[in-house]
Amino acid sequence: MEKDSFVKRYGLLVLTGLIVGAAAVALTAAGNPANMGFCIACFLRDIAGALNLQRAGFDAEIGTGIVQYVRPEIIGLVLGSTIIALARKEFRPKGGSSPMTRFLIAIFVMIGALVFLGCPLRMVIRIGGGDLNAVVGLVGFVIGILIGILFLKQGFSLRRAYKQSMAEGLVFPLLMALLLVLSLVMSDLFIFSKSGPGSMHAPVILALVVALVVGILAQRSRLCMVGGIRDAVLFKDFRLISAFVAIIVAVLVGNLMLGKFHLGFTEQPIAHSEFVWNLLGMVLVGWGSVLLGGCPLRQLILSGEGNTDSAVTVTGYIVGAALAHNLGLASSGTGIGAGPVAIAVVAGFVVLAVISVANMQKLEV
Amino acid sequence: MVDARGYSCPTPLYMVQKALKSQKDPSRLEVAVDHQCAVENITRFGKDNGYKVTLSDFEGDFKLTLTK
């Protein structure tokens, strides 16, 4: 049988990567916070804020926190995935693969991401902007993935999922659609930051359309930041990692064109230079994401395809974001949070270790 | 037959690799999966390793047959 040609193998992924990178730069130019064109962790955190689950940086005079906004990007990614999955008959509702364990892992993945200040996608976008702190994060991310792979090789699995009803599979995408509609027609229900990163956003329609396109492409290409490094190590398969590289290239070129490229550790937008925490935060993200089977972006896409385990995972991210801010674990441009960051990160490692060991099993082959 | 239904990637491919290593005759293997991503991954792996891969229906899910 003929092997896939180079274009068939890498084409869609590289194209998706380039478009994600270009979209990130464009959305930033259109109003999103710097180096945050697309950040799943940050945007889920903002949604948590819009629902008043957290109000970090609350200013009594202004009346809002600094990271509260219903990000249409998140909604667009999920719905883009749903639309294309339904159209291609790939919408297959399923779940039941240790949902509560996934919820718990997701909380710590989000805490790790907010200690670092970004999900794997924003890490890559930050690297493309010249932020060397994100390279430190990448080192941690790789270490975390390698730890996760170690357990995969020992038979780690959150066990199988089972078919579920169409109604169950549609709950999460419909909730996202409802969130979008309500945020447009009854915006008083939500809290939108009047200052800080939450107040900075691209026009709703632009953000939504870009996210729908990226959602469709990400569903088709199975784009995943964690999968890229995982598959390269585990299977010597470099397809997913090619998208990872393509995103960096696109962001780098875009930033250079717009004069937004600043190489260095200091004065990077919405980032800090506490190396240990940048590293450890991303170890938590890498390890947890391998256990979950994909990065936060991938979980959004899967939840759009009717995977209710991923929908539970996304819910866990939102709760984790609220906890991270309410307990003072989330970092800011000035450094790590004032809360018990060290305790939370160590607790995260203990929880992931226990989950990793407790779910090692003999796969029946 | 390897039943990898319900497992998310990369577990199905990992199960296939493990099964091929452990069975006496690695020239033929059947595997059931329930999502397109696993179908693509296993098909690609099979082609890259000199197998002919055929896809069929299996209780409403997919069955891949790898033969050399």
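**Notes on chains A and B**

1. Reading chain B along its sequence, you'll meet the pattern β-α-β-α-β-β. That comes to 2 helices and 4 strands (helices are DSSP runs of H or I with at least four residues, strands are E runs of at least two, numbered from the N terminus).

2. Before going on, a word of housekeeping: this is a predicted model, where local features need pLDDT of at least 70 and side-chain atom pairs count only at pLDDT 80 or more, while totals for chains, interfaces and linings use all residues. Residues are numbered from 1 along each chain as its sequence is written, and chains are lettered from A in the order in which they are written.

3. How big is chain B? Its C-alpha atoms fill a box of roughly 30 × 20 × 20 Å along the principal axes. A compact globule of 68 residues would have a radius of gyration near 11 Å, and chain B agrees, with 11 Å (taken over C-alpha atoms; the rule is 2.2 Å times the number of residues to the power 0.38).

4. Over in chain A, look at helix H11, residues 275-292: its 18 residues should span 26 Å at 1.5 Å a residue, and its end C-alpha atoms are indeed 26 Å apart (the expected span is 1.5 Å times one less than the number of residues). Just after H11(A), Gly293(A) takes a positive phi of about 90 degrees.

5. Now the meeting of the chains: 19 residues of chain A are in contact with 24 residues of chain B (contact means C-beta atoms, placed from the backbone, within 7 Å). Helix H9 of chain A, residues 225-235, gives the most to chain A's side, with 4 residues.

Technical notes. Two residues are in contact if their C-beta atoms, placed from the backbone, lie within 7 Å.
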